[in-house]
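Got your viewer open? Load the model, switch to a cartoon view, and follow along stop by stop.

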Amino acid sequence: MTFHQLFSRAALVSKVFTVGSRSAFTSSKPDIANPNWLRVGLAFGSSVFLWGLLFKQHSTDVHEYKVRNGLE
């Protein structure tokens, strides 16, 4: 069998199985005119929280570096 014959058979089998079944992973397109503000707030809030932790850890690390090297 050639590649073309195998591919066409696979496509035919795939079509036969998808006709009688529904995918569990269907989704609708998001409505860009009406965003989900809870998800937007959670996304931005978690980003701000993580940046805050990063800056806090950085300042802690800089302070520890200065103390260990006698710069402060």
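Start with Leu50. Select it and you'll see that it sits in helix H2. Is Leu50 buried or exposed? Leu50 counts as exposed, because its relative accessibility is 55% and anything over 50% gets that label. Keep in mind as you look around that this is a predicted model.

**The patch around Leu50**

Add Phe49 and Leu53 to your selection. Together with Leu50, these residues make a nonpolar surface patch of about 330 Å². Turn on the surface display if you'd like to see the patch made by Phe49, Leu50 and Leu53 as one area.

**Zoom out to the helix**

Now select residues 37-68, which is the whole of helix H2. How many residues does H2 have? It has 32, and the run from its first C-alpha to its last reaches 46 Å. That is close to the 46 Å expected at 1.5 Å a residue. Just past the helix, click on Gly70: this residue follows H2 and has a positive phi, near 70 degrees.

**The aromatic stop**

Go back into H2 and show the side chains of Trp51 and Phe55. A pair of aromatic rings is described by the distance of the centres and the angle of the planes. The structure holds 1 aromatic pair, and you're looking at it: Trp51 and Phe55, 5.9 Å centre to centre, with 35 degrees between the planes. The pair counts as tilted, because stacked would need planes under 30 degrees apart and edge-to-face over 60.

How are these two placed along the helix? Trp51 and Phe55 are 4 residues apart in H2, so about one helical turn separates them. Colour by accessibility and compare the labels: Trp51 is partly exposed at 49%, while Phe55 is exposed, with a relative accessible area of 53%.

**The charged stop**

Next, select Glu64 and Arg68. Side chains of opposite charge can pair when their charged atoms come close. Here the side chains of Arg68 and Glu64 meet in a salt bridge, 2.8 Å from N to O. A search of the whole structure finds 1 salt bridge. The side chains of Glu64 and Arg68 are also joined by a polar contact of 2.8 Å.

Glu64 lies in helix H2, and Arg68 is 4 residues away from it in that helix, so the two are separated by about one helical turn. Which label does each one get for accessibility? Arg68 counts as exposed at 67%, whereas Glu64 is partly exposed at 36%.

**Last stop: the whole chain**

Clear your selection and look at everything at once. The protein chain comes to 2 helices and 0 strands. Buried residues make up 0% of its 72 residues. Finally, show the full surface: the chain exposes about 7300 Å², with carbon and sulfur atoms supplying 66% of it.

Notes. Residues numbered from 1 in each chain as written. Predicted model: local features only at pLDDT ≥ 70, side-chain atom pairs only at ≥ 80, totals over all residues. Heavy atoms only, no water. Phe/Tyr/Trp six-rings, centres within 6.5 Å; stacked < 30°, edge-to-face > 60°. Buried < 20%, exposed > 50% of the residue type's maximum accessible area, 1.4 Å probe, protein only. Salt bridge = Lys/Arg side-chain N within 4 Å of Asp/Glu carboxyl O. Areas by Shrake-Rupley, 256 points an atom, 1.4 Å probe, with all protein chains shown as cover. Expected span 1.5 Å × (residues − 1). Patch = residues over 30% accessible without salt bridge, like charges linked within 9 Å, V, L, I, M, F, W, Y side chains within 5 Å. Polar contact = N/O pair within 3.5 Å; in protein donor to acceptor, adjacent residues only side chain to side chain.
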